[in-house]
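Got your viewer open and a selection box ready? Load the model below and follow along.

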Amino acid sequence: MLPHLKKSTGDLIRATRDFCTQNGMYDEREQVVEDVVSYLSRQRAEKNTANLPEIEQIFDQHIPTEKTEEITGKFGRFANSERYQVSQEFQPHTHTLNAHTKLKAKADNWQVDFAKRSLGVAGSGSDIEFDEEKQILVLRRMPSRVVEQIKRTLEGDEED
């Protein structure tokens, strides 16, 4: 991949967070980032380019009513400014998107790979909870096929 694709994708995500913060969109920030990353992932999967006017429309949908007049239509210029230099149109970079959306880790005898939005602290009710004190992950709402596969493995029948 060309370095500028990675840079545009990463800079766009950074600009998204910064724009929300600078414009007091604290409550909306993570949802906006998630929607922008989803858009980039869709464009990447369909082998389409991403473009700032479409991303700006995503932003405009999240702007609180009291800020509509003030910041509607301003994200494109913000992202294209000297600080971020996001191209008007670019191909999203897969590895950069995954780094922002997925957590991948492995040890000697296990590995995990899941969407970061599924992760929460112990007691949060998230699909995957991390208890820092006990250093454990708890998986919730597992699909029945996964539960059955685990049960078969524990019973010693490793056939799928």
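The tour goes from the core to the aromatic rings, then to the strands and the salt bridges.

Some housekeeping before you click. This is a predicted model, in which local features need pLDDT of at least 70 and side-chain atom pairs count only at pLDDT 80 or more, while totals for chains, interfaces and linings use all residues. Numbering runs from 1 along each chain as its sequence is written, and side-chain values use heavy atoms, with hydrogens and water left out. Helices (H or I, at least four residues) and strands (E, at least two) are DSSP runs, numbered from the N terminus.

**Stop 1: the core**

Select L12, V36, L40, I55, F59 and F75. These have the most contacts inside the largest nonpolar core, which has 26 residues. Such a core is a set of buried Ala, Val, Leu, Ile, Met, Phe, Trp, Tyr and Cys residues joined through side-chain atoms within 4.5 Å. Buried here means under 20% relative accessible area, exposed means over 50%, and partly exposed is in between (1.4 Å probe, protein chains only). Now colour α1 (3-22), α2 (29-45), α3 (52-62) and α5 (75-80): each supplies at least two residues of this core. The largest share, six residues, comes from α2.

Which residues does F75 touch? Leaving out residues up to four places away in sequence, the list is L12, A15, T16, F19, L52, I55, E56 and F59, with contact meaning heavy atoms within 4.5 Å.

**Stop 2: the rings**

Keep F75 on screen and add F19, F59, F78 and Y84; ring pairs link these five into a cluster. Rings of Phe, Tyr and Trp (its six-membered ring) pair if their centres lie within 6.5 Å; planes under 30 degrees apart count as stacked, over 60 as edge-to-face and the rest as tilted. The whole structure has six aromatic pairs. Zoom in on F19 and F59, an edge-to-face pair at 5.2 Å centre to centre with 85° between the planes. F19 sits in helix α1 and F59 in helix α3, 40 residues apart. Next, swing over to F19 and F75: their centres are 5.4 Å apart and their planes at 85°, so this pair is edge-to-face. It links helix α1 to helix α5 across 56 residues of sequence. Both F19 and F75 are buried.

**Stop 3: the strands**

Switch to cartoon and select β3 (residues 102-106) and β4 (residues 111-115), which run antiparallel and are joined by five bridges. Strands pair if DSSP finds at least two bridges between them. L103 has F114 as its bridge partner in β4, and four residues make the hairpin connection from β3 to β4.

Move on to β5 (residues 119-121) and β6 (residues 128-131): these run parallel, with three bridges. L119 stands opposite I128. On to β7 (residues 136-139), which runs antiparallel to β6 with four bridges; there I128 partners L139. In the turn of the β6–β7 hairpin, pick Q135 for its positive phi of about 55°.

**Stop 4: the salt bridges**

Seven salt bridges turn up in total, counting a side-chain nitrogen of Lys or Arg within 4 Å of a carboxyl oxygen of Asp or Glu. Select E129 and R140, which meet at 3.0 Å, N to O. E129 is in β6 and R140 in the loop between β7 and α7 (144-154), so the pair ties together parts 11 residues apart in sequence. E129 is buried at 4% relative accessibility, whereas R140 is partly exposed at 35%.

Finish with D11 and R14, bridged at 3.1 Å, N to O. D11 is buried at 9%, while R14 is partly exposed at 36%.
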